[in-house]
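Welcome, and thank you for taking a look at this structure. Here is a friendly briefing to help you find your way around.

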Amino acid sequence: MTRSPSAATSLLVVLLGLAVALPFVAPGYYVQFASKAVLMAMLALSLNLVVGYGGMVSMCHAAFFGLSGYMLGFMTADDAGASVWLALPAAILVVAAVAAIIGALSLRTRGIYFIMVTLAFGEMLFYLFHDTKIGGGSDGLYIYFKPEFAIGGLVLLDLENARTFYYVALGGLVGAALLVQALVRSPFGHALAAARDNERRALSLGFPVFRIRLLAFVLSAMIAAVAGFFSAAQFGFVAPQLLGWHLSASVLVMVVLGGMSSVLGPVIGAIALLGLEEVLKSTFEHWKLIKGLIVIALVFALPGGVQQLAAMIAPRKTEGGRDPETPEVLPASPRASEPRAPEVKRSPVAKEAVSHV
Amino acid sequence: MDAITFAVQLLNGVQYGLVLFLVASGLTLVFGILGVINLAHGAFYMLGAYLAWAISAYTGSFALAIVGSLVISFLLGIALEEIFVKRMIGRDHLAQVLLSFGLILVIDEVRQIVFGKDVHSVMPPEWLRGSIQLTEVLSYPVYRLALCVACLVLAAVIFYVIQKTRLGMVIRAGAENRDMTRALGIPFDVVNRYVFAGGIALAALGGSLVAPVSTVFPGMGDGMLILSFVVVVLGGIGSVAGAAIGALLIGLTDTFGKVFFPQISSILIYVLMAGVLLWRPNGLLGKA
């Protein structure tokens with residue numbers, strides 16, 4: 001318990017040090033690959049706020065990611081890049097507005113319906129860009145100029161420089177991680193987790209569950225928008241496929257691979273999955289077959305539910321007296337305690353009374 | 001729009017809706033009975049079409065293509081249930097989503113290895129080609145009419161099995177209360193296996209029947225999967241009657257949308273879905 005925070009902190013420092021040093025030691029291709037990985041990590045991080053902490057399996061986060069990229073495309077002129085100060089907030093606001101509408105409709109539903117409805121809304125945005133002439137239709141849209149970080153004509157950061165771009169992306173990821181960390185540890189984050197663990201109890205305690213979930217959904221979409229904005233800037237191209245559900249599902253795999261119960265888990269999952277794909281792509285023609293088998297193996301390697309992954313790999317310290325694993329793990333072996341059922345039944349109620357006084 | 005065009009579009013819409021029902025009923029049954037969400041449903045639709053193409057190209061027989069595609073996908077469904085799906089029952093939805101996503105990747109790559117990624121077309125048998133004069137001024141492709149009839153017969157069989165047979169009674173009881181059904185000594189694991197394999201077979205059958213009017217191409221399952229989800233969400237999960245209503249609504253909305261609002265036709269069905277969910281969050285015939 002006392003050892004784990006410092007171990008986690010030193011691991012974090014080492015990782016961050018490696019990330020900062022990377023452009024100085026790695027060839028250009030890997031700097032670009034690292035930028036891509038950092039931005040996907042940001043997307044995975046944002047999805048985890050909803051899936052891991054909110055218990056809402058969203059299948060439309062790619063749509064937020066892609067929509068933001070399109071916003072950058074629309075705001076980039078034919079002969080000059082868009083101003084980051086204008087285009088980024090605009091992209092984030094548009095995505096937030098769309099997410100608020102999708103969230104307000106989807107959150108009326110539960111569980112399986114939520115998955116299907118978010119999936120359907122994501123596809124709706126996909127078809128909006130695929131079937132209409134908006135953004136070049138199915139051909140997509142080229143972004144010939146990267147957005148400009150400038151004040152009064154003075155260029156602060158030149159995003160055309162791959163190394164600078166990488167550091168901007170990395171800065172964004174660190175900022176997003178700090179934001180999510182702060183959110184998760186705040187009373188808002190605890191209320192969100194409480195609604196995930198026991199909705200009825202959270203409601204009866206007076207938490208505005210719907211509003212809390214909607215806020216988490218919109219905030220998460222806004223982080224996804226930042227990732228999508230820079231991702232579109234990096235590749236200079238957006239296409240409807242960026243909004244499709246295959247990407248949403250892939251990001252979900254990243255979240256689960258890295259673990260849902262920590263802020264950094266999805267980041268590690270994203271980097272691991274992208275690294276793995278890169279190796280597979282260069283080795284096998286039918287690499288997707290292997291990716292699929294790995295995803296299936298991942299599901300079976302976690303028989304107690306994916307929530308347990310983080311607990312299995314690294315038993316995490318409890319924060320603020322609440323351990324996110326406990327509610328999922330406790331009911332896992334009801335039969336063992338069946339003979340003493342009355343006593344078991346009473347004790348959580350007593351605990352509940354104490355913890356919420 | 002004159003009356004003839006309207007009638008043709010109406011027939012097209014109904015035909016599309018009937019195919020959608022066939023595919024979506026498998027999805028809704030598998031979820032209603034097994035409690036398993038299967039994103040790979042569309043992949044089996046595509047597989048069914050490719051199997052039908054391969055068999056008809058090899059043997060030259062359309063009937064053999066349909067039956068072969070049905071039997072192979074049914075056996076595949078039994079094998080998959082045995083290896084993967086039965087371990088997913090009772091797991092959280094996220095695990096099921098991931099498993100079926102993995103299955104999609106595997107099925108897609110295996111399809112590419114076995115059948116390649118070319119676009120194909122399937123010829124219907126001689127006697128189902130051409131058009132038929134329905135009235136003096138209205139002619140309609142024979143195969144599309146045959147497709148409607150085939151889907152209607154299948155729909156009747158599905159309803160008969162579920163409403164009137166002992167198997168259907170067990171299926172309905174299982175959807176209502178799984179534990180109680182098991183406690184009554186019903187071999188639910190066996191029922192699960194056949195429901196899953198049957199659901200897969202319905203998806204594949206849909207794909208193989210549609211092959212002559214559509215083209216057979218790698219991404220065909222994706223669109224069908226999403227549409228099936230919309231149908232299931234509209235109708236209410238586990239409700240076959242709901243799936244029928246949802247499928248016809250979607251089929252007609254999509255077909256008439258393409259005529260009246262070609263630019264935004266594919267968005268219309270989602271607007272319809274959003275409207276229904278605002279009104280009834282659990283679908284038209286869904287239980288709360």
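A salt bridge is a side-chain nitrogen of Lys or Arg within 4 Å of a carboxyl oxygen of Asp or Glu. With that in hand, a good place to begin is Asp197(A) and Arg196(A), whose side chains meet in a salt bridge at 2.9 Å, N to O. Please keep in mind that this is a predicted model. The points below cover charged pairs, a cavity, a surface patch and one contact in chain B.

**Salt bridges**

- Side chains of opposite charge can pair when their charged atoms come close.
- Over all chains, the structure holds 10 salt bridges.
- In the pair from chain A introduced above, Arg196(A) is buried, with a relative accessible area of 13%, whereas Asp197(A) is partly exposed at 26%.
- The cut-off behind these words is simple: a residue counts as buried under 20% relative accessible area and as exposed over 50%, so values in between are called partly exposed.

**A network in chain B**

- Four residues, Glu81(B), Glu82(B), Lys86(B) and Arg193(B), are linked in a network of salt bridges.
- Within this network, Arg193(B) and Glu81(B) meet through their side chains, 3.5 Å apart from N to O.
- Arg193(B) belongs to helix H8 (residues 188-210) of chain B and Glu81(B) to helix H3 (residues 62-83) of chain B, so this salt bridge ties together parts that are 112 residues apart in sequence.
- Glu81(B) is buried, with only 2% relative accessibility, while Arg193(B) is partly exposed at 22%.
- Another salt bridge of the network joins Glu82(B) to Lys86(B), with 2.8 Å between the closest N and O atoms.
- Glu82(B) is partly exposed, with a relative accessible area of 33%, and Lys86(B) is partly exposed too, at 36%.

**Cavities**

- Rolling a probe the size of a water molecule over the atoms shows where empty space is left.
- Two cavities of 30 Å³ or more are found in the structure, and the largest cavity holds about 50 Å³ of space.
- Which residues line the largest cavity? They are Val36(B), Ile37(B), Asn38(B), Val85(B), Gln96(B), Leu99(B), Ser100(B), Leu103(B) and Phe196(B).
- Helix H4 (residues 93-115) of chain B supplies the largest share of this lining, with four residues.
- By type, the lining of the largest cavity has six nonpolar residues, three polar ones and no charged ones.

**A nonpolar patch on the surface**

- Seen from outside, Leu11(A), Leu12(A), Val14(A), Leu15(A), Leu18(A), Leu264(A) and Ile268(A) form a nonpolar patch, and together they have about 610 Å² of accessible area.
- Helix H1 (residues 3-25) of chain A gives the most to the nonpolar patch, contributing five residues.
- One member of the patch, Leu15(A), is found in helix H1 of chain A.
- With a relative accessible area of 40%, Leu15(A) is partly exposed.

**A contact across the sequence of chain B**

- Where does Leu285(B) lie? Its place is in the segment after helix H11 (265-279) of chain B.
- Leu285(B) counts as partly exposed, at 41% relative accessibility.
- Leu285(B) and Ile237(B) are 48 residues apart in sequence, and their C-alpha atoms are 8.2 Å apart in space.

Notes
Residues are numbered from 1 along each chain as its sequence is written. Chains are lettered from A and ligands numbered from 1 in the order in which they are written. This is a predicted model: local features need pLDDT of at least 70, side-chain atom pairs count only at pLDDT 80 or more; totals for chains, interfaces and linings use all residues. Side-chain values use heavy atoms; hydrogens and water are left out. Patches are made of residues with over 30% relative accessible area and no salt bridge: like charges are joined within 9 Å, nonpolar side chains (Val, Leu, Ile, Met, Phe, Trp, Tyr) within 5 Å. Accessible areas come from the Shrake-Rupley method with a 1.4 Å probe; for residues, only the protein chains shown count as cover. Helices (H or I, at least four residues) and strands (E, at least two) are DSSP runs, numbered from the N terminus. Buried means under 20% relative accessible area, exposed over 50%, partly exposed in between (1.4 Å probe, protein chains only). On a 1 Å grid over the protein atoms alone, a cavity is a set of points where a 1.4 Å probe fits but cannot get out, and a pocket is an open set with protein on both sides within 12 Å along at least five of seven lines; lining residues have an atom within 4 Å of a point. Grid points are joined across faces, edges and corners, and a volume is the space filled by probe spheres set on the points. Ala, Val, Leu, Ile, Met, Phe, Trp, Tyr, Cys and Pro count as nonpolar, Asp, Glu, Lys and Arg as charged, and the others, Gly among them, as polar.
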